[in-house]
Amino acid sequence: MALAVAERVTFTYPEGERPALDDVWLSIEPGEFVALLGASGSGKSTLLRAFAGLVPHFHGGRFVGRVSVGGRDTRVGRPSELAGMVATLFQEPEDQVVLTRVDAEVAFGLENIGVPPADIGPRARAALAAIGAEHLVGREVAELSGGELQRVCLASALALEPRLLLLDEPSSQLDRDAAEALFDHARAHGCAVVVAEQRPELPLEHADRVVFLRNGRIVDGPPAAWTEQPERQVTPCHLGEEVVRLESVSFAYPGGPPVLVDESLVLHRNEVVVLVGPNGVGKTTLAKLATGLLAPGAGRVVRFGRAAYLPQDPGRYLVTETVFDEIALAAGTRRARRALVELGLEPLARRHPRDLSSGERERLAVGAVMAVDPDLLVLDEPTRGVDPERKRELAEVLRAQSHGRATLVVTHDRMLATAVADRIVALGSEAVLV
Amino acid sequence: MSAVPAAALLAALALAALIAHSVWAVAAVALALLVPCLRAPRRRLYLGGIAFSALALFVLTPWLEDDGAHPFWHGPIVPVIGELTVTREELSSAGLAALRLAAVGLAFAVYALRLDHDRLFGSAGWARRSSLAVALATRLVPTLERDAAGLVEALRGRGLAVEGVRARARLLSPLLAGSLERGLNLAEAMEARGYGRAGRTRVPPPPWSRVDKLALVAAPLIAIGALWL
């Protein structure tokens, strides 16, 4: 008997113009690992929320059809009553942390579902140990890196011992090893797993079944862009003059251990360099040193020309009232118009940035940085929440605009790295060369 | 030290600083609170704020008070206000007020920076919702601080300098919007994790040590003892 079933589900958000889910039929068997793929805004997160009962209870809107989990209709009772049977890991780990210390955070859900007090501590510690995060017990969540925080959130979900685990883009902040470990832990737990992802490589390797959503409907199989590796750019670039030179730089944040020790890097005009390495190895710090946002503790950074930097999770840092104004803020109106066309954002020009989907926000932030036409362009994880088709478009734009500037891309995304890199630089132990 | 005895001790020290009349006693309380504060991470903002406020109070108080018979300094005659003078009594009063403010500020800083809020508010099992709201509000300040730093960095990354009151005021709207978005996401995650469901249990608090018990006994004694200082 199926563990979870969605029958002819059609759902429209309160302000939605079209259904986010449109006549969806899907059943999940116990212990099954299902990969839910689809472009940004295709309805993946909404379907996960329907299985968690959050749609329609939390979001409101118009809901037709039936979703049941473990034989319980999700429309009957609050989503909190499904907790324990269902556990969800949301996209943004920072937005789901309630308490200040790791052990209390993992125990929070166990307390809510009424686990006997004597069992709460051992279950919380066992969940942290299961994902190799027992060393985080007692730490403050504010001190953790994105990857560590994601593991704490996964431990919080696994501690509930759910029968259905819903993962919404869980690998967006993780390097490949950490993402693989996360999927292995989820799988080893024995519960059914539904994982919504825009980086399809890992889910495709782990999944028993792949479900592809387009415009809220389940369609047959993912398009080729989702499964095929992009062709390697074989045309060698003609290196121009130096744009930035980092000579034996070291850096430590105040009161912390050294993040970078004696690292060197030179970037030239016309080349795209991809910086890879495991979580916490100092990629972002190196990128900030290159652009001048940080000053090295030791060593020297020499820069020629204007630098621009796109931070991680840039969708959070949009400041104006319209998409057009956001791009024009630093670039001026003429360049802003051109950038809107190049990044396919023209139809969204008058929308408020916070009304966009996460993928659209990410593209907007990329556009706002590229439009300033810098000599050194640094992008830190630019493809979080961006689907493979848009990723290819971004790669094409980066390649097309690489002439005359140096581009540094920090990423865990192999698809993007393969598509854009003239050179790959590995920080830490992971040495990958294209 | 456990969270509840530590909170009781901090409250008692803050109260003692407000009650005591001896400058030396209040200075001793402030010093005692400064030590744990200096060992806390992210202390700069708190210490800077406290030092600025205490200094401002010390400088302003003599001009606003009209007290004492031992002039220390004679200033010009200002229309309406009269002659500006600073007396020894006014200086002493200003010093006491500044030290009191510093002591209370330091008690709050130690509370915010060093206490385990999860345990503290978890102890208030009878007021779970209110205590959770206070815990989340306490976390709001560092979160806003981090978001503001992220916004400034993102704008600097585009070559835009964020300087002056006007430029910083422009960040208020995105900061507020970001907080609202965060709040909604958090509420959704809490619901998905069973918050609000009947039959909630609680992690048993760890047993109190001798130091904890000593702190609980000492707290009221400090507050009462301050009446004679």
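**A tour from the chain interface to the sheet of chain A**

Begin with both chains of this predicted model displayed together, and select the residues where they meet: 42 residues of chain B are in contact with 50 residues of chain A. On the chain B side, pick out α5 (117-123), α6 (128-157) and α8 (172-192), each of which supplies at least two residues of the side that touches chain A. Of these residues, the largest share, 12 residues, comes from α8(B). If you then colour that side of chain B by residue class, you will find 17 nonpolar, 10 polar and 15 charged residues.

Before leaving chain B, colour it by confidence: its mean pLDDT is 84, with 98% of its residues at 70 or more. Among the elements of chain B, α8(B) has the highest mean pLDDT (90), whereas α5(B) has the lowest (73). For the model, the scores are ipTM 0.83 and pTM 0.79.

Now move to chain A and select the open sheet of four strands, whose order is β2-β1-β4-β5 with antiparallel pairing. At its edges stand β2 (21-28) and β5 (72-73) of chain A, each with a single partner strand, so one side of each is left without a neighbour in the sheet. Zoom in on β4 (residues 62-69) of chain A, which pairs with β5(A) in the antiparallel sense over two bridges, and look for V69(A), which stands opposite R72(A) in β5(A).

Finally, add helix α1 (residues 44-51) of chain A, which packs on the sheet and touches β1 (4-12), β2 and β4 of chain A. Viewed against β1(A), the direction of this helix makes an angle of about 125° with that of the strand.

Key:
Residues numbered from 1 in each chain as written. Chains lettered and ligands numbered in written order. Predicted model: local features only at pLDDT ≥ 70, side-chain atom pairs only at ≥ 80, totals over all residues. Contact = placed C-beta atoms within 7 Å. Nonpolar A, V, L, I, M, F, W, Y, C, P; charged D, E, K, R; others polar. Pairing = 2+ DSSP bridges. Axes fitted to C-alpha atoms, helices over the stretch in contact; angles between N-to-C directions. pLDDT = per-residue confidence, 0-100.
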